[in-house]
Amino acid sequence: MMDFDSVQKKWQKRWEEQQVFKAADSSAKKKFYVLEMFPYPSGSGLHMGHAFNYIIGDIYARFKRMDGFNVLHPMGYDSLGLPAENAAIKAGTHPKEYTEKAIANFIRQQKELGMTYDWSRVVMTHDPSYYKWDQWIFLKMFERGITFKKMSPVNWCPKCNSVLANEQVHDGKCWRHEDTPVEIRHLEQWFFRITKYADELYEMIDRLDLWTPEVKAMQRNWIGKSYGTEIKFKINGEVWPIYTTRPDTVFGVTFMVVSAQHPRLMELVTKEQKREVESFLKKIKSTSEKDIEELEKEGAFTGSYAINPVNSEKVPVYAGNFVVADYGCGMVMAVPAHDQRDFEFAKKYKIPIKVVIQPSDFVLDPGKMSRAYTGEGNLVNSGGFDGSGNLDAIEDITKYLEKKGLGKKTVNYKLRDWLISRQRYWGTPIPVIYCDKCGTVPVPESELPVELPHDVKFGEGNPLATNKDFVNTKCPKCKGPARRETDTMDTFVNSSWYFLRYADANNSKAIFDPKKANYWVPVDIYIGGKEHACMHLIYFRFYTKFLRDLGLLSIDEPVLRMFNQGMVHKDGDKMSKSKGNVVLPEEISKTHGIDTARLFLISMASPDKDVEWSDEGINGSLRFVNRVVSFVQEFKPGKMSAVNESRFHRLIKEYTADLETLRYNLAAIKLKEMFVAIEQGCSKKQLETFMLTMSPICPHLAEEFWEMLGNKPFASTQKWPAADEKKIDLKAEAAAATVHSTVSDVRDILALVKIADPKKITLLVAERWLYDFMRKIKSEIEKTYNVGELIRAAMDPKHGQEISKIVPRLVKDRSKIPAVVTSQEEEIAALKEGKAVFEKEFGARVEIVAAESSKDAKAKNALPGKPAIIVE
């Protein structure tokens, strides 16, 4: 047996002392940048669910390093933000102390996992040397008009006297004061004009070839590019440009809806309607879009009317809780006959319904409609456009509006400017000063960073506002008395460019050296959850484009390949401290060894799928590890058979391909199969080769074994072993595997039927067509376990019924799929060659028959590499 804990500590210490994984900023080797999304350092530390993400990246970094690349594999900590602030308040400590203690624990745990991070490049977003450059970017955006301030709806707690983030609003109440209803107020907030990049962000999604289709679809939907028409409605004599994708329905508008959170809403509210509107507004509990989507659609009449430009009809304007304030102009035209949401609203508030599209096969009666008609048809009640097909009318009515100066064709986006103001402490201070004489003045770059003061009070409004020494300052322009901005930045700001700081993490004079950054970027593989698709990954892309436009970067996109890992579950739930089902790395390290855990985590399923932690499963991995340990400790050089040598080199080739494509679960199978060949006898050189292939997954053991075999450290820095194609003999492998597995199957059958002395054994070899089928299903079954998908992929009209029966068998028992698929003729030849083995083993006459030539029903059970067996 082996003391895993001491072996791990030994090699972790040596790696660190000799800086084995430190990246060089220039090299004759080709660069490769591996990055996992950096974590928020929670006080509870890492569990094996978190570790899974880092292990995926670490295996890849180790493999690419051994495969001849100059690898950058850094780590940092997303250490600012509301969770740390709340946790520190709850623990009665300062956020800085809480955060730095948590980071120290994270670093210890990550080192114990055997991570190959270049620890000389660590970034921590709460460090002023880091957030100085957040502030520098803010100023550069300010210079270019990307940063601006405007009124915006916020969640307000009257007891806290502070703005709340959406996640701090629980059922319409403050998270801290559970009896206090949250109010919606309008305050001046800082924004980034990300919409300036909306079109590029949308159009360049098509270039993200190595991102998953799901994430790309989520980004397209979030940015939401649509082609429509802007129509000029007049309200109280003022033009409101209303965006719609359905100008063909403009004659059917019977009311308008303005967002309940629109900053100009109260300008539209008449004196008579003020009380009703204010009562309605009190029902709105959050600015969260998610909450808006889930709300029952409600509204209140403002007292104002809009004039429809195409027919001069006067229609009422309602305030509604389902319209977003900054989509279009924050107001929509409502056509209840042809939009279900509008229909429900009109029915609720008894607003007229006007049909303007009649279907061809029945007549719509607005008084009898039970739902909106959203299909195609011909226009009615639409002036000179009556009789036109509604799809043609979209273009025709738009042209009419343009000709009359009443509207225009336009492009719109769901993406809205990024609100970055946060009225909380633990974030990057916004580098702005307010002077009564000079107005809003940016802090000079020479005075950066604007540091967070240590002494603030929580629960008394904006924490930064409670430190008068911080707030009161001098105006950079006139040197008169002035006040600092007391809002901090959204922490998505910190995570939008951190990958670039790793390229030059210790630079105190610039955000980074463009030469170093452009050497490493784009990131070759970025590993993280798909839940970040619509915020972090869009901001990530936005920052890259902005820094490119500053002349600092030569790339358009930050990441070549986006890999979304699965979640680790235990007892049927996602592993989580709150659910009480976490497994800690420290515990596993002592009982099983970290390498065992690494092997187990990647063995269960493809790393992009959710996996279930089980004690039985990790014990199975431990049994394999102990087999390897015992073999190496007792190793005596031998000679590998020609068949095993072929198998060994074929498996190296397949294993390498599986690592390259992150099919780690299949790689783990190949690794275990390689060891079977090794166990049956091998040379010292072949065992060393096996240790090198083991190194990315089980690095500590590989280093220990490498040294035990008399080699100098480090296995981790050796050249990746290449398969010798000349030694691969697939026919010999298939023949040997068929004979071996058939002997084993005959033994099992004889034991089952209790025949000790068989007279005759008939081997029925699979039908000829099945060999082509098996080759096809072999590649497909590595992509999915879905029976329906596999049947469709392998379907052959001639053999459809048989395929529908065979596929479920193969999915249930993968051992029925041979490693190498040959042909019926070659399998018959292999069995005939092994006939003497059968006769010697069982003392019976052996007959080998092609399934097509047999009338026995069992012939239908034969598969390639798995003959059906009849014993007599």
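This section describes strand pairing, helix packing and selected loop residues in a predicted model.

Among the paired strands, strand 5 (residues 147–157) and strand 9 (residues 183–192) run antiparallel to each other and are joined over 10 bridges, with Lys149 placed opposite Trp190 of strand 9. Strand 9 is also joined to strand 19 (residues 418–419), again in the antiparallel sense, through 2 bridges, and here Phe192 stands opposite Trp418 of strand 19. A further antiparallel pairing, of 4 bridges, links strand 12 (residues 255–259) to strand 15, in which Ala334 is the bridge partner of Phe255. The side chains of strand 15 (residues 331–334) are divided between two directions, Met331 and Met333 pointing one way and Val332 and Ala334 the other, and all of these residues are buried.

An open sheet is formed by 4 strands in the order 22-21-24-23, with antiparallel pairing. Strand 22 (439–442) and strand 23 (472–474) occupy the edges of this sheet and have a single partner strand each, so that one side of each is left without a neighbour in the sheet. On average, and with direction ignored, neighbouring strands of the sheet are turned by 40° against each other. Within the sheet order, strand 21 stands beside strand 24; strand 21 (residues 432–435) and strand 24 (residues 481–484) run antiparallel and are connected by 2 bridges, and Ile433 has Arg484 of strand 24 as its bridge partner.

Turning to the helices, the axes of helix 20 (residues 642–660) and helix 24 (residues 730–753) come within 9 Å of each other and cross at roughly 115°, and the two helices are therefore roughly perpendicular. This crossing of helix 20 and helix 24 is left-handed. The contact involves Val643, Ser646, Arg647 and Arg650 on the side of helix 20, and Leu730, Ala732, Glu733 and Ala736 on the side of helix 24; by class, it comprises 4 nonpolar, 1 polar and 3 charged residues.

A second crossing is made by helix 26 (residues 787–794) and helix 27 (residues 800–812), whose axes come within 10 Å and cross at roughly 130°. Helix 26 and helix 27 are therefore oblique to each other, and their crossing is right-handed. Helix 26 contributes Val787, Leu790, Ile791 and Ala794 to the contact, whereas helix 27 contributes Ile803, Ser804, Val807, Pro808 and Val811. The contact of helix 26 with helix 27 contains 8 nonpolar residues and 1 polar residue, with no charged residues.

Helix 22 (residues 684–694) has 9 of its 11 residues buried and is therefore largely enclosed by the rest of the structure. The buried residues are Gln686, Leu687, Glu688, Thr689, Phe690, Met691, Leu692, Thr693 and Met694. These buried residues of helix 22 pack against helix 2 (48–66), helix 19 (615–633), helix 20, helix 21 (664–679) and helix 23 (699–708). Helix 20 thus takes part both in the packing around helix 22 and in the crossing with helix 24.

Several loop residues were also examined. Asp25, in the loop between helix 1 (4–17) and strand 1 (30–36), is partly exposed, with a relative accessible area of 27%. Leaving aside neighbours within four places in sequence, Asp25 is in contact with Arg121, Ala503, Lys516, Tyr519 and Trp520. By contrast, the C-alpha atoms of Asp25 and Glu460, which are 435 residues apart along the chain, are separated by 48 Å.

Most residues other than glycine have a negative phi, and most peptide bonds are trans. Asn236, although not a glycine, has a positive phi of about 50°; Asn236 is located in the loop between strand 10 (225–235) and strand 11 (238–244) and counts as exposed, at 54% relative accessibility. Asp571, also not a glycine, has a positive phi of about 55°. The loop that holds Asp571 lies between strand 28 (568–570) and strand 29 (573–574), and Asp571 counts as exposed at 60% relative accessibility.

Cis peptide bonds are described for two positions. The bond from Val521 to Pro522 is cis, with omega near 0°, and Pro522 is found in the loop between helix 15 (514–520) and strand 26 (523–528). The bond that joins Pro713 and Phe714 is likewise cis, with omega about 15°, and Phe714 lies in the loop between helix 23 and helix 24.

How values were computed: Residues numbered from 1 in each chain as written. Predicted model: local features only at pLDDT ≥ 70, side-chain atom pairs only at ≥ 80, totals over all residues. Heavy atoms only, no water. Axes fitted to C-alpha atoms, helices over the stretch in contact; angles between N-to-C directions. Parallel < 35°, antiparallel > 145°, perpendicular 65-115°, else oblique. Left-handed = near helix turned anticlockwise from the far one by under 90°. Contact = heavy atoms within 4.5 Å. Nonpolar A, V, L, I, M, F, W, Y, C, P; charged D, E, K, R; others polar. Pairing = 2+ DSSP bridges. Buried < 20%, exposed > 50% of the residue type's maximum accessible area, 1.4 Å probe, protein only.
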